[in-house]
Each structure stands twice: as C-alpha cells, then as structure tokens.
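Subject: Handing over a structure, with notes

Dear colleague,

I am passing on the structure we spoke about, together with its sequence, and below it you will find my notes on what turned up. Please read them with the structure open beside you.

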Amino acid sequence: MAVIALVVVVLSLEPVVATVGGLLQIAFFLAVAFFLFLLWRERRGDLEAWSEWNRRLFYAAIVLAVVDIGLAIGLGFPSGVGAFAFLVVLAACIYVVVRVWRLEHRY
C-alpha cells in the first residue's frame, strides 16, 4: 500500500485516483441495481399474484430506496441532518417492503 501511495504522489496521479474512485462508485451502484433486477425477475410471478395496491407500494418503496442510495453515492454521503434524513428514508422503505411482504405471505 505504501508503494502504491508513493507512486501516486511521485507521479502526481491524484486526479486519476479520484476518477477511478468515481467510476468504482458508479459501478457499485449499477451492480446493486442489476442484482435487484435479477431478484425481481426471479420473483415477479409471485409479485403478480399480490393485490394491486400492495404491489405498487412495494415497487415504490424499492424505487425510493434505490434513488436514496443513488443520491448518497452520487452526491457524497451526507452528514448531520442530511445523514439522518437518508437513514430515515431508507428505514421507512425497508419497513414498507417487509410489511407488504409479510401481509402478502400470510397463510
């Protein structure tokens, strides 16, 4: 690690490292979105059997969570009140997803 840091400093590659870091953040976000897409594609038959209201609520919570995480990655993780709002929105989305899932899986 020290050798890599030394090479970056000696060759003045800080902008390159920043660019690669930004690209890795975008790639991570796209990987998470692709994983969620694969999960949805596998289970969409189960979701189509749900009531219209619960299905829309479930999808809205997933989309809001993805947008929330995307904004945190794209704009930089917030601090203070912004971090609190980020966590509240994410927690609310998780609560809605779990609640709707449990409502539709009562036997």
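Trp 101 counts as partly exposed, because its relative accessibility is 36%, a value that falls between the limits of 20% for buried and 50% for exposed. Please bear in mind, here and throughout, that this is a predicted model. Trp 50, by contrast, is buried, with a relative accessible area of 7%.

These residues belong to the aromatic part of the story, where a search of the whole structure finds six aromatic pairs. In one of them, the rings of Trp 50 and Trp 101 have their centres 5.7 Å apart and their planes at 75 degrees, so the pair counts as edge-to-face. This pair links distant parts of the chain, since Trp 50 sits in the loop between H2 and helix H3 (52-75) while Trp 101 lies in helix H4 (residues 81-104), and 51 residues separate them. Trp 50 also pairs with Phe 58: the ring centres are 5.1 Å apart and the planes stand at 80 degrees, so this pair too is edge-to-face. Both Trp 50 and Phe 58 are buried. Taken together, Trp 50, Phe 58, Tyr 59 and Trp 101 form one aromatic cluster.

Helix H3 also holds the charged contacts, and the search of the whole structure finds two salt bridges. In one, the side chains of Glu 52 and Arg 55 meet with a distance of 2.4 Å, N to O; as these residues are three apart in helix H3, about one helical turn separates them. In the other, Arg 56 forms a salt bridge with Glu 52, with the closest N and O atoms 2.9 Å apart, and here the partners are four residues apart in helix H3, again about one turn of the helix. The salt bridges share partners and thereby join Glu 52, Arg 55 and Arg 56 into one network. The spacing fits a general point, namely that an α-helix has 3.6 residues a turn, so residues three or four places apart point the same way.

How buried or exposed are the members of this network? Glu 52 counts as partly exposed at 41% relative accessibility, Arg 55 is buried with a relative accessible area of 13%, and Arg 56, at 55% relative accessibility, counts as exposed.

Leu 57 is likewise in helix H3, and at 32% relative accessibility Leu 57 counts as partly exposed. Leu 57 and Gln 25 are 32 residues apart in sequence, and their C-alpha atoms lie 28 Å apart in space.

Turning to helix H2 (residues 14-48), you will see that it has 35 residues and reaches 49 Å from its first C-alpha to its last, which is close to the 51 Å expected at 1.5 Å a residue. H2 nevertheless bends by about 55 degrees at Glu 42.

Finally, there is a nonpolar patch on the surface, formed by Val 3, Leu 6, Val 7, Val 10 and Leu 11, which together have about 500 Å² of accessible area. Of these residues, Val 3 lies in helix H1 (residues 2-10), and with 62% relative accessibility Val 3 counts as exposed.

With best wishes

Technical notes:
Residues numbered from 1 in each chain as written. Predicted model: local features only at pLDDT ≥ 70, side-chain atom pairs only at ≥ 80, totals over all residues. Heavy atoms only, no water. Patch = residues over 30% accessible without salt bridge, like charges linked within 9 Å, V, L, I, M, F, W, Y side chains within 5 Å. Areas by Shrake-Rupley, 256 points an atom, 1.4 Å probe, with all protein chains shown as cover. Salt bridge = Lys/Arg side-chain N within 4 Å of Asp/Glu carboxyl O. Helix = DSSP H or I, 4+ residues; strand = E, 2+ residues; numbered from the N terminus. Buried < 20%, exposed > 50% of the residue type's maximum accessible area, 1.4 Å probe, protein only. Expected span 1.5 Å × (residues − 1). Bend = angle between axes of the 7 residues up to and from the residue. Phe/Tyr/Trp six-rings, centres within 6.5 Å; stacked < 30°, edge-to-face > 60°.
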